[in-house]
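Subject: Structure handover

Hi,

Here is the structure for your files. Please open it alongside this note.

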Amino acid sequence: MKSLGIIKIPGAADSAFDHAAFDPKTRRVFIAHTARSTVEVIDHDAGRHETTLPGFPGVAGAVADDGEILVTNRGSASLAWLDAATFETKAVFKTGARPNGAAIVKHLSLGIVACIGDERETPTLHAFGLNDQKHTSIDLPGRPRWCVTDAEAKRVFLCIRDPSMVLVASLPNLLPIAQWKLPSGGAHGLDIDHSRGRLYAACDDGALVELDSTSGEVANVWPITGPPDVTFFNPATGRVHVAIGEPGLVETIDPRTGTAIQTTTGVGAHTTALVVPDQLYVISPTHGGILVVADA
């Protein structure tokens with residue numbers, strides 16, 4: 001994919017980042033700067049770093065929906081709810097130990113977060129009513145990675161590392177529905193094609209697995225170059241982008257044809273943000289910020 005330039009982030013060189021999200025309403029990208037316990041905000045239309053938001057201990061990820069942002073804080077076992085326009089923290093919810101993957105559904109005022117746990121707590125999945133603060137949680141069969149919801153927000157899909165699977169639960173009550181075992185170990189990055197009813201799970205053992213999001217049936221398996229992290233499906237192009245920190249590249253697969261291409265990024269660039277319809281932000285410590293590439 002064609003490089004469109006670099007957006008510098010203060011303190012990004014040789015630092016550590018995690019999951020990021022684009023908010024279409026404000027046209028901003030929110031990036032978890034894990035090493036600095038901050039959230040970096042990018043003005044997409046201006047192509048520049050806008051501000052640094054402090055106070056997010058061990059921040060692990062950000063998700064967005066129509067002007068609302070959720071941020072997971074591993075260092076304080078909490079989930080922060082932000083206004084994407086004003087940067088105001090609207091509420092902070094206590095979670096299980098080491099919150100990781102998250103999802104937000106604005107029209108239901110619902111926040112979802114999967115927690116890794118620690119020596120005292122087992123892994124858990126939580127759902128929070130953002131306005132009424134109603135809280136539901138369930139125990140998980142293994143370490144959680146990323147999660148997404150279906151188009152109607154009736155189900156949440158969650159990658160579990162070991163045993164490698166996609167766990168399915170109902171929303172908002174988190175009643176268990178299914179555990180779909182994957183043919184590759186270490187389920188990690190996850191996204192969904194709502195129009196075709198397909199899930200894409202990138203696995204540590206070097207595979208991208210395509211699943212039917214209704215039945216869990218495996219439709220395709222494609223090899224990838226190395227252990228993956230953040231995975232995005234672009235509904236505008238129909239392609240899946242998998243960030244691989246070592247050796248530092250993005251593997252792009254077109255599920256309709258099986259065609260795969262590789263875009264060299266930088267060592268440690270394991271996290272991205274998809275700016276629909278046509279750009280992918282690769283957060284790269286080697287580049288001191290964001291390597292912007294075209295998805296066209």
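My notes on a pocket, the cores and one aspartate follow.

This is a predicted model: local features need pLDDT of at least 70, side-chain atom pairs count only at pLDDT 80 or more, and totals for chains, interfaces and linings use all residues. Residues are numbered from 1 along each chain as its sequence is written, and side-chain values use heavy atoms, without hydrogens and water.

The pocket first. A pocket is an open set of points on a 1 Å grid over the protein atoms alone, where a 1.4 Å probe fits, with protein on both sides within 12 Å along at least five of seven lines; lining residues have an atom within 4 Å of a point. The largest one has a volume of about 910 Å³, the space filled by probe spheres set on points joined across faces, edges and corners. Its lining has 35 residues, with Ala-64, Val-148, Asp-191, His-194 and Phe-232 nearest the centre.

Now the cores. A nonpolar core joins buried Ala, Val, Leu, Ile, Met, Phe, Trp, Tyr and Cys residues through side-chain atoms within 4.5 Å; buried means under 20% relative accessible area, exposed over 50%, partly exposed in between (1.4 Å probe, protein chains only). The largest has 29 residues, and Leu-182 is among those touching the most other members. A second, separate core of 19 residues includes Ile-138 and Leu-174.

Last, Asp-66. This residue is partly exposed, at 36% relative accessible area. Beyond four places in sequence, Asp-66 contacts (heavy atoms within 4.5 Å) Asp-23, Lys-25 and Lys-106. The C-alpha atoms of Asp-66 and Asp-83 are 9.8 Å apart.

Best wishes
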